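Reader: I should like to examine how the terms applied to this model are justified. Please show me the structure before we begin.

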Amino acid sequence: CHSYSYFNSAPPSDLVLVALVPKKGKAMETWSGLEPRSMSSLTVTVLLLSGRDTEVSISIDSTVGDLKAVAEESLGQGCLTLVSMDGHVLDPDLHLSAAGLHDGETLSAVARQMKLAATDRAFALWYLGGVVTRGHPKDGGQSQQIRNLTKVIEVHATDHAFAAIVADGSVATWGDLRYGGNSGEVQEHLQDVQEIQATSFSFAAIVGIQREVVTWGDRVAGGDSSGVRAQLRNVKAIQASKAAFAAILEDGVGSVVCWGDPRHGGDNLGVQDQLRNIKEIQATSSAFAALSGDGTVVTWGHPQYGGDSQEIQGELKHVCQIQASRRAFAAIRADGEVVAWGDQHCGGDSSSVQTQLKNVKQIQASFGAFAAILANGSVVAWGDQSRGGDCSNFSHLLRNVTQIQAGCAAFAAIRSDGSVISWGAPSYGGDSSYVQSQLKGVQQIQATRTAFAAILADETVVTWGDPDGGGDSRRVKDQLQGVKQIQATSYAFAALLSDGTAITWGHSECGGTRPQRQVFGKSPPMSVPAKGT
């Protein structure tokens, strides 16, 4: 269960003023190329715009990184980047004197935006200053390779490995070697990396001014693109199924190049001549659907996963957007109606609710069902009833719905008044009745496979669903204050707090460690013991 997307409501940068003041009783000395003679430490006053401040003492032999770490610890504010008065970002590895700092000088510092990525069983939490990991060691939850990794721009994940784009355009990888955790064979080609996409087993990076592609990981599942390498130039975007990639080219034609496991859409030769003016591509586990500029759709891959749309091809006109479950597609047309295809038991057959699917604005998908929000704020669901494909018992409550989140077998809808209605498999989060009174002012929801976590307007969290999958957050409830983002592995959650710390809960083998705060840029990565230890 991938989770590649990230919340847009990240905390705003908090400006921090750092004043360097000589410690009482010590003579002031300048550092104009001379070693200080009588000062052994400085008293550093750190002032937040919020009004909080603290005084810390630091040795004159310290580095900028040491100063940053002490300030973060004292303030309880992570992700700080120190900036000189002339606007230069100070390298954490520099000695204070080498950084050109003088006694009594004032620095500024910025609290950087934090982000999260997740494999099936581990989290990677990062900002420009570095990466912190948690979770199963084999999934990237513990790695010596990233202890000194800094200036991270993005982190992406397969099912069991991570790949980070660094500011210098290179890539750092860690996790299961079979899933792309080692990019050593192609490292020399991973320069000026622009973007990374991932199947469950392999990575594909767009590199250089010519936007070529470099791949690694499981060779059958997309890690080997040698057969199409000559065609992979001027790549606009890459989409991934479970074990194959599809790249849209900026070649004046809008054509598509595929590679990977043919059973998962890695071979599009049968429809190659139809793939023109392609604007976007969506994917189920084993098939692709390409939307062209004229609103038509071209599909390929496993027929039972939506790779064959011939029977409804005449209806696939004026399509505006496409959504995918694991085994089926649903397309919204310009007239607001929906066309579905693929596995009939997993949302590929919408005939039972077709008359209700009018003026559809957006669609969300669980593993085997779809839920559509109509223009009037009501909801229509179809597909596997055990996975949320029937919401008829809640239709009177599903009014004024603004957004829907999906787990493996359940849905949770946020209404305009901030309340939540859920349906689907009860043990997978389809029953939120026991926390219904707490679900007020809900801003956003995240999901593991079997549970949901909602961020409220007061930046606290309410959870429900499978306790082992993150549905029980009582152990960390008091720590879940000032929550800005939540990310999920298969069976655990991680919440990023406004003070730069992270709290995790859920299954211990999937990153749900015992309650403990983690301050970015200060503490080392954490490992998670095996279940039962």
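Reader: What makes strands β9 and β10 a pair, and how do they run?

Author: In this predicted model, β9 (residues 152-157) and β10 are joined by five bridges and run antiparallel. Pairing requires at least two bridges, so the five found between β9 and β10 qualify them as a pair. Within this pairing, H156 stands opposite A163 in β10. The connection from β9 to β10 is a hairpin through three residues.

Reader: Which strand is joined to β10 by five further bridges, β11 or another?

Author: Strand β11 (residues 171-175) is joined to β10 by five bridges, and the two run antiparallel. A161 of β10 stands opposite G175 in β11. The hairpin of β10 and β11 has four residues between the strands, and G169 there takes a positive phi near 90°.

Reader: Why is β10 called mostly covered?

Author: A residue is buried when its relative accessible area is under 20%, and six of the six residues of β10 (residues 161-166) are buried. Burial applies to both sides: A161, A163 and I165 point one way, F162, A164 and V166 the other way.

Reader: How do you know that the buried residues of α1 line one face of the helix?

Author: The buried residues in α1 are V64, G65, L67, K68, A71, E72 and L75. Seen down the axis of α1, they fall within an arc of 160°, so they line one face.

Reader: What shows that the length of α1 agrees with expectation?

Author: At 1.5 Å a residue, the 12 residues of α1 (residues 64-75) should span 16 Å; the end C-alpha atoms are 16 Å apart, which agrees.

How values were computed
Residues are numbered from 1 along each chain as its sequence is written. This is a predicted model: local features need pLDDT of at least 70, side-chain atom pairs count only at pLDDT 80 or more; totals for chains, interfaces and linings use all residues. Side-chain values use heavy atoms; hydrogens and water are left out. The expected span of a helix is 1.5 Å times one less than its number of residues. Buried means under 20% relative accessible area, exposed over 50%, partly exposed in between (1.4 Å probe, protein chains only). The arc is that of the directions from the helix axis to the C-beta atoms.
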